[in-house]
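Trainee: Could we go through this one together before I set anything up? I'd like to know how far to trust the coordinates and how the helices and the core are put together.

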Amino acid sequence: MRELQAFRDPRPARSGWELAITLVPFLVLFAGIAVAVKAGYWLALAATPLAGLFLLRLFIIQHDCGHGSFLRNRASNDWIGRALGVLTLTPYDCWRRSHAMHHAGTGNLAARGVGDVDMLTVREYRQRTWRGRLAYRLYRHPLVLLGLGPAYLFLVRHRLPIGLMNSGWIYWASSIGTNLGTALVLALPLVLFGFGVTALVFFPVLLSAASLGVWLFFVQHQFRDAHWQEAQDWSFHDAALHGSTHLELPRILGWFTGHIGIHHVHHLASRIPFYRLPEVLETHPRLREVNRFNALQACGTLRLALWDEHRQEMVTFGEAARIG
């Protein structure tokens, strides 16, 4: 939408402030939890979800860097994104490539499989062997999607440029450089607190952020009236506007998630900084009602697993079994 271009310009002072009020509390909170646990105050572990929320917000800032929307200079965006990738365990250059492909092909059935949650159509599911159907059912189970999946993604898959191994040295450098950077960052708490305390704090913080982030990404594109088309019928504008949700979260969660729930606007104009997305809804209130969900409604989308080409909607496994 042409009228959204007015919101594209980042505000460097605001961006710096957003980075400071996210990074500093995260580091202080992480250190505070580790100090308390080292001293025997295990109740401090109850604060790990809060640290996870700050880590998630750092990922949102990294995400904006990948879109070139956090600062005006491309190189500055890239180096901040790479530095944050050390904390989020996400190789910035690898992620930026796959995420760009996700944006370029959202809602295009022929462009699935890169930077998104795997999804089959009803026809594709039926054509699989029973082992293939079982594997897909396990993959789409909430315990895998929000538990094992995020753990595998951030702890294992991101350690190598999976899917980009033959695409150039920069992706290998991104993966190996991120691994080395993370090892260096973790060296200090390992020396100060030991392996046990560091692991007890680091892994729950990372995985709580990862699980919430994957849930957000899932509900942003996997909902009943989602928009999927074959390549010949696909339109970027329609896919962006109708294939992404407006997840309306409580204000505090909206802050921690960088307003990424306003996802249809983000897909329409990905160069808008995350802190300016609410401005778009204030200026263009008609966008508020497009694919609008609250958190409770969004949780219900986890049951949806297949795209029904005939009904043009997402369906559950049970509904697919009843379709003739």
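Mentor: We can take confidence, then the core, then a helix pair, and finally some backbone angles.

Trainee: Fine, what is the mean pLDDT here?
Mentor: This is a predicted model, and the mean pLDDT of the protein is 94, with 99% of its residues reaching 70 or more.

Trainee: And where is confidence lowest, and where is it highest?
Mentor: Confidence is lowest in helix α9, residues 236-242, where the mean is 90, and highest in helix α2, residues 48-66, where it is 98.

Trainee: On to the core, then: which residues touch the most other members of the largest nonpolar one?
Mentor: That core has 64 residues, and the ones touching the most other members are L55, L247 and L306.

Trainee: Which elements feed into it?
Mentor: Those giving two or more residues to this core are α1 (12-38), α2, α3 (74-88), α5 (122-127), α8, β4, β5 and α14 (317-322), and the largest share, 12 residues, comes from α8.

Trainee: What is L247 in contact with, ignoring its sequence neighbours?
Mentor: Once neighbours within four places in sequence are left aside, L247 contacts W215, L216, V219, G261, F293, N294, A295 and A298.

Trainee: How many residues are in the second core?
Mentor: The second core is separate and has 14 residues, among them L4, A240, L268 and V280.

Trainee: Back to α8, how does it pack with α4?
Mentor: Helix α4 (residues 92-105) and helix α8 (residues 169-221) pack at an angle of about 0 degrees, and their axes are 14 Å apart; the two helices are therefore roughly parallel to each other.

Trainee: Which residues make that contact?
Mentor: From α4 they are Y92, D93, C94, R97 and H102, while α8 contributes I170, Y171, S174, S175, T178, F217 and H221. By character, the residues of this contact divide into 5 nonpolar, 5 polar and 2 charged.

Trainee: Switching to the backbone, what is the phi of N291, and where is that residue?
Mentor: N291 has a positive phi of about 50 degrees although it is not a glycine, and it is found in the loop between α12 (277-283) and β3 (292-294).

Trainee: Is N291 buried or exposed?
Mentor: N291 has a relative accessible area of 19%, so it counts as buried, the cut-off being under 20%.

Trainee: And what about Q312?
Mentor: Q312, also not a glycine, has a positive phi of about 60 degrees and sits in the loop between β4 (306-308) and β5 (313-315). With a relative accessible area of 34%, Q312 is partly exposed.

Definitions and conventions. Residues are numbered from 1 along each chain as its sequence is written. This is a predicted model: local features need pLDDT of at least 70, side-chain atom pairs count only at pLDDT 80 or more; totals for chains, interfaces and linings use all residues. Side-chain values use heavy atoms; hydrogens and water are left out. Axes are lines fitted to C-alpha atoms, for helices over the stretch in contact, and angles run from 0 to 180 degrees between N-to-C directions. Helices (H or I, at least four residues) and strands (E, at least two) are DSSP runs, numbered from the N terminus. Angles under 35 degrees count as roughly parallel, over 145 as roughly antiparallel, 65 to 115 as roughly perpendicular and the rest as oblique. Contact means heavy atoms within 4.5 Å. Ala, Val, Leu, Ile, Met, Phe, Trp, Tyr, Cys and Pro count as nonpolar, Asp, Glu, Lys and Arg as charged, and the others, Gly among them, as polar. Buried means under 20% relative accessible area, exposed over 50%, partly exposed in between (1.4 Å probe, protein chains only). pLDDT is the predictor's confidence in each residue, from 0 to 100. A nonpolar core is a set of buried Ala, Val, Leu, Ile, Met, Phe, Trp, Tyr and Cys residues joined through side-chain atoms within 4.5 Å.
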